[in-house]
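Please consider the following chain together with its three-dimensional model. The paragraphs after it lead from the overall composition to individual elements.

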Amino acid sequence: MICLISDRETDFRFTGLKKSSLIKPNKIATIIKSRVVYRLGNLTPGLLDNLDASLLALLRVGGRRIEKESILIPYGRQWIDDRDILEVVRALSSDWITQGPKIEEYEKKVSGYCGVKYGVAVSSGTAALHAACFAAGIKPGDEVITSPITFVASANSVLYQGGRPVFADIQPDTMNIDPIEIEKKVTSKTKAIIPVDFAGHPCDLDEIKAIAKRHNLIVIEDACHALGAEYKGKKVGSLSDMTIFSFHPVKHITTGEDGMVLTNSKGFYEKLKIFRHHGITKDPADFINKDLALNHNSKVNPWFYEMQHLGYNYRITDFQCALGLSQMEKLDSFVQRRREIAARYNEAFAEVKEIITPIEGNNVKAAYHIYVIQIREDMLKIGRNEIFKTLRAENIGVNVHYIPVHLQPYYQKKFGYKKDDYPISEKYYERAITLPIFPKMRNEDVENVIKAIVKVIGCYRRNS
Ligand SMILES: Cc1ncc(COP(=O)(O)O)c(C=O)c1O
């Protein structure tokens with residue numbers, strides 16, 4: 001017999017079950033006090049389709065939801081405390097709302113943390129990628145190699161400059177772009193590589209930089225997942241020609257929305273600054289139209305500026321930077337907490353053979369922006385989609401990162417990419433589930449996620 005169990009009779013209105021199916025009181029109702037128990041006599045596929053996801057889980061797993069609170073445990077979430085709020089209020093009460101002193105202070109804080117000379121803060125991680133492609137000189141006809149397993153922004157930034165994103169498949173263990181595949185994709189048109197430190201695990205940067213050197217390419221590292229990560233003892237941010245961070249609320253620290261490009265190159269730095277402000281320069285030494293710039297005494301007109309490139313308004317506000325500065329104080333403890341949660345998951349799932357847990361290379365310290373497990377469908381009675389749905393019904397806010405970019409309709413239509421073009425990425429995608437991980441996550445939440453995984457996998461393992 002299969003039972004649906006709930007406190008509320010109304011939960012069953014979608015099932016189409018008749019009152020007569022209600023068993024009360026009976027043995028089960030006595031065990032599970034004050035709950036309503038329905039017996040499903042003749043299940044039809046149509047009946048199941050109409051079931052709310054949470055009931056579906058109860059039906060299939062046959063238990064109660066692990067997470068009893070009505071809200072999902074999200075996969076990621078910011079942590080803003082009173083000190084952060086105070087700093088933002090202070091900034092709002094100052095003379096500057098937008099282009100004030102906090103911006104440079106924030107840029108110096110992040111670049112200093114990573115051990116890099118320059119930082120340019122912009123309005124999002126996407127804007128940072130776009131600005132880096134501009135600074136790298138990407139133009140129509142140029143090719144840029146990146147990973148299919150990333151957020152679309154990594155590839156889109158190339159398109160914004162008229163270039164062509166070319167994908168190289170990933171390594172099956174780290175899910176990072178595979179240097180061997182990169183080398184295969186290099187052509188005379190290739191200008192840059194955008195490796196993505198997926199989930200916060202740094203790529204094989206030495207190998208990627210060696211390829212870049214051989215072919216004279218620029219490396220723009222998309223480290224939106226990897227603030228606080230390390231590669232061979234060095235902070236991510238200091239290792240590539242340009243490195244991108246995002247400060248979206250699910251990332252390691254947040255300002256609401258912004259991004260940053262870090263670089264040791266003065267040339268890139270100057271281009272990035274101009275790009276975020278409409279392509280405009282106010283530096284007299286750079287003016288092209290000297291006759292317009294100078295007055296009859298050969299002095300520069302005080303109002304003068306020149307737009308020399310097509311730039312954008314990618315600026316960030318002073319009060320966002322005040323928040324960023326305050327959040328930076330907590331970055332190390334935030335990363336540490338993420339690592340603790342990842343270690344607890346690794347330990348708890350060591351015995352769950354039906355899932356593959358993330359690895360961490362010997363020479364890196366991963367920052368665990370996300371924690372992705374892969375489902376061994378060959379060992380389970382149901383597939384990833386079903387497991388996902390059941391975990392959501394357990395109030396675990398699982399997610400999937402990412403749909404391979406080459407399978408997005410825009411990319412398929414524009415470049416003819418199709419299924420099976422990147423088999424390792426596609427196989428990974430079919431099995432991936434992102435579990436909650438964020439610094440403010442309580443130990444109790446972590447244990448609830450573990451219990452839900454153990455319960456759901458246990459219920460569907462093939463030999464059970
Ligand atoms: C790998 C990667 N690149 C780029 C971005 C874009 O960052 P933003 O959302 O700040 O524009 C994201 C954001 O999720 C990301 O995960």
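What follows is a guided reading of the structure, from the chain to its core, its ligand shell, a sheet and a helix.

The model is predicted. Its secondary structure comes to 17 helices and 17 strands. Of the 464 residues in the chain, 44% are buried. Among contacts with a sequence separation of 6 or more, 72% join residues that lie 24 or more positions apart.

The interior may be considered next. The largest nonpolar core has 116 residues, and those with the most contacts inside it are A128, A131, A132, I220 and V261. Helix α6, residues 125-135, contributes the largest share of this core, with eight residues. Within the chain, A128 touches V122, I244, F245, G259, M260 and V261, when residues up to four places away in sequence are not counted.

Several of these positions lead to a pair of strands. Strand β3 spans residues 118-122 and is mostly covered, with four of its five residues buried. Five bridges join β3 to strand β11, residues 259-263, and the two run antiparallel. In this pairing, A121 stands opposite M260 of β11; M260 is also among the residues that A128 touches.

Helix α6 also takes part in the surroundings of the ligand. Both α6 and α7 (153-160) supply at least two residues each to the shell around the ligand. That shell has 14 residues, of which S124, G125, T126, C224 and S246 come nearest to the ligand. By class, the shell comprises nine polar, four nonpolar and one charged residues.

A separate sheet can be traced further along the sequence. Strands of a sheet pair through backbone hydrogen bonds, in either a parallel or an antiparallel sense. Here, three strands form an open sheet in the order β14-β16-β17, with antiparallel pairing. Both β14 (355-356) and β17 (432-435) stand at the edges with a single partner strand each, so one side of each has no neighbour in the sheet. The pairing of β14 with β16, residues 371-375, is antiparallel and rests on two bridges. Within it, I356 stands opposite Q374 of β16.

The last element in this reading is helix α17, which covers residues 443-460. Its 18 residues reach 26 Å from the first C-alpha to the last, close to the 26 Å expected at 1.5 Å a residue. The buried residues of α17 are V446, N448, V449, A452, I453, K455, V456, I457 and Y460.

Note on methods
Residues are numbered from 1 along each chain as its sequence is written. This is a predicted model: local features need pLDDT of at least 70, side-chain atom pairs count only at pLDDT 80 or more; totals for chains, interfaces and linings use all residues. The expected span of a helix is 1.5 Å times one less than its number of residues. A residue is buried if 20 or more other C-beta atoms lie within 10 Å of its own, exposed if 12 or fewer, and partly exposed in between; C-beta atoms are placed from the backbone. Two strands pair if DSSP finds at least two bridges between them. Two residues are in contact if their C-beta atoms, placed from the backbone, lie within 7 Å. A nonpolar core is a set of buried Ala, Val, Leu, Ile, Met, Phe, Trp, Tyr and Cys residues joined through C-beta atoms within 7 Å. A residue is near a molecule or strand if its C-beta atom, placed from the backbone, lies within 6 Å of it. Ala, Val, Leu, Ile, Met, Phe, Trp, Tyr, Cys and Pro count as nonpolar, Asp, Glu, Lys and Arg as charged, and the others, Gly among them, as polar.
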